[in-house]
Amino acid sequence: MSEKISEIKGRYETCGLNDLPAFIESIKEDERAGVKKIAESAKKSYNRYQQELVRLEEMKHYEKKYDACTYICGIDEVGRGPLAGPVVAGAVILPKDCRILYLNDSKQLTPKKREELYDEIMEQAVAVGIGIVSQERIDEINILQATYEAMRIAISRLSIKPDLLLNDAVTIPEVDIPQVPIIKGDAKSISIAAASIVAKVERDRLMEQMDLVYPGYDFAGNKGYGSARHMEALKKQGPCAIHRMSFLKNILHGR
């Protein structure tokens with residue numbers, strides 16, 4: 001007796017990506033329309049998977065170029081532009097054989113996908129460091145210097161000292177490790193992409209917590225950026241303790 005379509009669908013839903021070719025082969029002679037539909041869906045899934053593997057290999061260009069280095073660390077930051085909250089940097093050393101699907105610039109990912117990838121990165125990474133620099137420090141030394149400081153903190157919190165840093169666009173002062181700045185590096189290097197995801201998730205979580213402490217500004221929604229709701233709250237309520245006063249001079253001047 002032939003396998004029920006519902007059973008075939010169940011097999012498909014639990015089939016690993018690498019096992020899809022064998023699954024497709026097992027149902028290729030089945031002429032039922034429902035099975036043909038499942039087979040077509042399986043083929044599309046497998047093709048997407050193959051395309052993703054190719055994309056990931058392309059994102060390992062710099063990791064392969066500097067393969068002689070044992071520990072390559074990606075560095076990125078999140079939060080240079082917001083009106084409130086800290087700037088956060090991530091430093092991530094991935095294993096040489098790392099294959100985390102859909103690693104990409106954090107801005108290209110949904111919040112749900114970032115959270116999923118964050119968990120995978122934290123599980124698979126050789127080492128992760130996170131640097132957080134407060135809004136007070138940003139006001140004191142300016143956002144660029146605060147960004148460098150957050151990056152240096154992130155590096156210092158790695159459990160292993162890297163041999164090379166792959167940075168998203170910048171060269172970090174006062175660091176004795178060789179550095180390679182890469183323009184739009186979070187879309188060109190899996191190490192930098194991983195760092196961008198870690199930094200983004202960490203900062204978003206902080207701003208969601210701050211929304212409970214300082215209600216009215218919609219920090220959970222805008223993460224401190226100057227959204228319409230945030231700007232309206234600033235006009236009505238004025239700034240709170242986590243606002244960057246150096247960023248608000250022109251805005252507050254008009255109140």
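In what sense do strand β1 (residues 72–78) and β4 pair, and over how many bridges? The two strands run in the parallel sense, joined over 4 bridges. This is a predicted model, and the sheet is a good place to enter it.

The sheet is open and has 5 strands, in the order β3-β2-β1-β4-β5. Its pairing is mixed. The edges are β3 (127–133) and β5, each of which pairs on one side only. On average, neighbouring strands are turned by 20° against each other, with direction ignored.

Now follow the pairings. β1 and β2 pair in the antiparallel sense, over 6 bridges. Within that pairing, Ile75 stands opposite Ala91 in β2. Ile75 also has a bridge partner in β4, namely Asn167. From β4 the path leads on to strand β5 (residues 179–182), paired in the parallel sense over 4 bridges. There Asn167 stands opposite Pro181 in β5. A line of partners can thus be traced by eye: Ala91 to Ile75, Ile75 to Asn167, and Asn167 to Pro181.

Strand β4 (residues 164–168) deserves a pause. Is it covered on one face or on both? In a regular strand, side chains alternate between the two faces of the sheet. In β4, Leu164, Leu166 and Asp168 lie on one side, and Leu165 and Asn167 on the other. These residues are all buried, and both faces are covered. The count for the strand is 5 buried residues of 5.

Helices pack against the sheet. Helix α7 (residues 143–156) touches β1, β2, β3 and β4. The direction of α7 makes about 150° with that of β3. Helix α8 (residues 190–213) lies across β1, β2, β3, β4 and β5. Relative to β1, α8 runs at about 40°.

Another contact joins two helices. Two packed helices are described by the angle between their axes and the distance between the axes. For helix α1 (residues 5–13) and helix α3 (residues 33–58), the angle is about 10° and the axes are 10 Å apart. Angles under 35 degrees count as roughly parallel, so α1 is roughly parallel to α3. From α1, the contact draws on Ile5, Ile8, Lys9 and Tyr12. They meet Gly34, Val35, Ile38, Ser41, Ala42 and Ser45 in α3. By class, the contact of α1 with α3 has 6 nonpolar, 3 polar and 1 charged residues.

Next, the cysteines. How many disulfides does the structure hold? The number is 0. Cys73 is in no disulfide, and its nearest cysteine sulfur, that of Cys69, is 12 Å away. Cys73 counts as buried because its relative accessibility is 0%. Cys98 is likewise in no disulfide; the nearest cysteine sulfur belongs to Cys73, 13 Å away. Cys98 is buried too, with a relative accessible area of 2%.

Two backbone details remain, both in loops. Tyr102 lies in the loop between β2 (87–93) and α5 (111–124). Its phi is near 75°, a positive value in a residue other than glycine. Is Tyr102 buried or partly exposed? At 36% relative accessibility, Tyr102 counts as partly exposed. Lys223 sits in the loop between α9 (219–222) and α10 (228–237). Lys223 is not a glycine, yet its phi is positive, at about 55°. With a relative accessibility of 12%, Lys223 counts as buried.

Conventions: Residues are numbered from 1 along each chain as its sequence is written. This is a predicted model: local features need pLDDT of at least 70, side-chain atom pairs count only at pLDDT 80 or more; totals for chains, interfaces and linings use all residues. Side-chain values use heavy atoms; hydrogens and water are left out. Axes are lines fitted to C-alpha atoms, for helices over the stretch in contact, and angles run from 0 to 180 degrees between N-to-C directions. Angles under 35 degrees count as roughly parallel, over 145 as roughly antiparallel, 65 to 115 as roughly perpendicular and the rest as oblique. Contact means heavy atoms within 4.5 Å. Ala, Val, Leu, Ile, Met, Phe, Trp, Tyr, Cys and Pro count as nonpolar, Asp, Glu, Lys and Arg as charged, and the others, Gly among them, as polar. A disulfide is a pair of cysteine sulfur atoms within 2.5 Å. Buried means under 20% relative accessible area, exposed over 50%, partly exposed in between (1.4 Å probe, protein chains only). Two strands pair if DSSP finds at least two bridges between them.
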